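Here is a quick look at how the parts of this protein sit together. Have the structure open while you read.

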Amino acid sequence: MNYHIDRSKWQKPSYGGHYDERATEYEGIRCKCQRCEVSFVFEPEEQKRQFESLGRFPFWVPGLCASCQSEWEKIGPKLKRFEAAWQNKKLEASDQDELKEWLKLIEQSTSYRKKDYGSRANMLRKLLSN
Ligand SMILES: [Zn+2]
């Protein structure tokens with residue numbers, strides 16, 4: 001199965017990314033998972049989807065293998081919920097159990113190299129030590 005490159009669907013058609021101007025088909029790109037360091041292939045079909053449908057720049061590569069990515073997809077939304085609850089003051093310093101849970105998720109998230117939650121983690125550690 002070939003996956004034809006349609007540059008007109010790229011966010012910036014003049015920017016080649018992984019491909020020079022003569023390339024006509026997506027090719028598998030070997031990547032290394034930033035978390036578990038397993039080697040995996042960024043498949044042509046997935047590249048077409050990312051670059052032509054989802055609007056990613058064509059130099060992007062996934063940072064996580066499929067299994068780490070699916071683990072992250074369980075953790076990421078929970079972190080967002082905690083963050084939103086905190087911002088909306090639905091979560092407070094007295095909710096120690098919740099804060100512990102939040103800190104645990106942040107500590108897990110660092111291995112996924114997703115986002116630096118360092119200042120949040122420090123804040124929570126301070127609130128929890130009181
Ligand atoms: Zn992995």
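## Two domains and a zinc site

Domain 1 and domain 2 bury about 450 Å² between them, with 52% of it on carbon and sulfur atoms; buried area here is the accessible area (1.4 Å probe) that two parts lose on being put together, summed over both. This is a predicted model, where local features need pLDDT of at least 70, side-chain atom pairs count only at pLDDT 80 or more, and totals for chains, interfaces and linings use all residues. Residues are numbered from 1 along each chain as its sequence is written, and side-chain values use heavy atoms, leaving out hydrogens and water.

The domain bounds come from an automatic or database domain assignment:

| Domain | Residues |
|---|---|
| Domain 1 | 7-53 |
| Domain 2 | 66-129 |

Four residues from domain 1 and four residues from domain 2 make the contact (heavy atoms within 4.5 Å). Their C-alpha centres, those of domain 1 and domain 2, lie 31 Å apart.

Then there's the zinc ion, held by Cys-33 (SG), Cys-36 (SG), Cys-65 (SG) and Cys-68 (SG) at 2.3 to 2.4 Å; donors are N, O and S atoms within 2.8 Å of the metal (3.2 Å for Na, K and Ca). Along the chain, the zinc donors follow the spacing C-x2-C-x28-C-x2-C. The zinc site is tetrahedral, with angles of 105 to 115° among its four donor atoms (all angles must lie between 85 and 135 degrees).

Note on methods: Four donors count as tetrahedral if all angles lie between 85 and 135 degrees; four count as square planar and six as octahedral if opposite donors are over 155 degrees apart and all others between 65 and 115; anything else is irregular.
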